Amino acid sequence: MDATELTRIIKEIGRGKNAARDLDRGDAHALFAAMLARTIPDLQLGAVLMALRIKGESLEELAGFLDACEASYAHMSAPADTVPLVIPAYNGARKLPNLTPLLAHLVAGAGVPVLIQGVTSDAGRVTTHEVLAAMGVSAARTLDEAQSQLSERRLAFLSIDVLVPPLARLLALRRTMGVRSSGHTLAKMLQPFASPAVRLVSVTHPDYVVRMRAFFSCHAANALLLRGAEGEAVAHPRREPAIDWINGQAVETWSAGAEPMPLLPESCDVAATADWISGALAGTNPIPAAIAHQVACCVKATQRVASRAAR
């Protein structure tokens with residue numbers, strides 16, 4: 001992307017929340033591809049990221065960004081005759097125990113391969129990777145190793161640094177800028193398989209629920225959308241669960257009734273969380289009803305995709 005084109009784009013998206021203009025899908029693709037390729041100077045890159053954060057991404061921009069992102073890395077092969085579940089893990093937990101590893105183990109135990117992709121650490125938060133490591137589940141070092149783990153144990157964790165290094169570099173700018181960017185939104189939307197898979201997509205803010213619902217209804221398919229626990233893609237254990245199934249055409253909301261307040265570990269640190277999850281998997285700690293509902297939704301969604309593919 002030459003300097004003149006980049007200046008034009010910054011002028012369009014950088015006029016503030018009310019005056020900025022959205023990019024079309026082609027321009028959005030070219031812009032994000034340049035960002036991933038590190039061909040945009042630092043000053044202009046910062047301007048682009050902040051302009052998009054203030055303006056918010058349009059559906060066409062998200063589609064173009066995702067096109068560029070998915071074209072930037074090698075995709076994996078799913079175990080034969082399976083439809084995997086992809087769980088993004090980018091937020092971690094501060095106040096609640098991070099129960100994403102519990103969700104992943106339960107879905108894998110139901111026979112569905114589960115790929116968790118995300119960050120390994122985040123200052124002040126307990127990440128999914130840290131809890132998994134405490135449970136003896138090490139991160140895959142390569143895509144091939146992740147594929148082997150999916151075949152052998154139906155569960156793998158893959159760092160974004162290994163999965164999509166160009167996107168990982170973009171996410172790392174958060175430490176310098178102090179805020180998240182469009183890259184964090186895109187990371188949670190990745191579909192790392194060459195064959196069909198179900199994406200579990202979590203959002204925090206209500207506006208993004210509407211935006212993601214619209215996006216997956218128009219531009220992509222096979223997504224389970226929910227407001228997770230502290231941004232993690234696991235159902236909040238103390239809320240009545242409602243998860244949207246979006247297949248690219250229609251939206252179905254899969255809900256469950258309210259349940260008694262679940263018993264959770266007293267501490268949300270890594271060791272206590274890992275120990276409690278191990279107890280839940282062994283049957284000594286009760287599984288929160290909201291997470292049991294989410295497991296059922298994940299299995300149901302992968303079965304639907306498999307059934308459609310078999311027709």
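Trainee: What makes the crossing in which H5 passes H13 a right-handed one?

Mentor: In this predicted model, H5 passes H13 in a right-handed crossing, a name given when the near helix is turned clockwise from the far one by less than a right angle, anticlockwise being left-handed. Local features here need pLDDT of at least 70, side-chain atom pairs count only at pLDDT 80 or more, and totals for chains, interfaces and linings use all residues. Residues are numbered from 1 along each chain as its sequence is written, and side-chain values use heavy atoms, with hydrogens and water left out.

Trainee: Why are H5 and H13 called roughly parallel or antiparallel?

Mentor: The axes of helix H5 (residues 100–109) and helix H13 (residues 270–282) cross at roughly 25 degrees; angles under 35 degrees count as roughly parallel, over 145 as roughly antiparallel, 65 to 115 as roughly perpendicular and the rest as oblique, and H5 and H13 are therefore roughly parallel to each other.

Trainee: Which residues of H5 meet H13?

Mentor: Pro101, Leu102, His105 and Leu106 in H5 meet Trp276, Ile277, Ala280 and Leu281 in H13, where contact means heavy atoms within 4.5 Å.

Trainee: Why is Cys69 called buried or exposed?

Mentor: Buried means under 20% relative accessible area, exposed over 50%, and partly exposed in between (1.4 Å probe, protein chains only); Cys69 has a relative accessible area of 0%, so Cys69 is buried.

Trainee: And what makes Cys268 partly exposed?

Mentor: Cys268 has a relative accessible area of 21%, and is therefore partly exposed.

Trainee: How many disulfides does the rule give?

Mentor: A disulfide is a pair of cysteine sulfur atoms within 2.5 Å, and by this rule the count comes to 0 disulfides.

Notes. Axes are lines fitted to C-alpha atoms, for helices over the stretch in contact, and angles run from 0 to 180 degrees between N-to-C directions. Helices (H or I, at least four residues) and strands (E, at least two) are DSSP runs, numbered from the N terminus.
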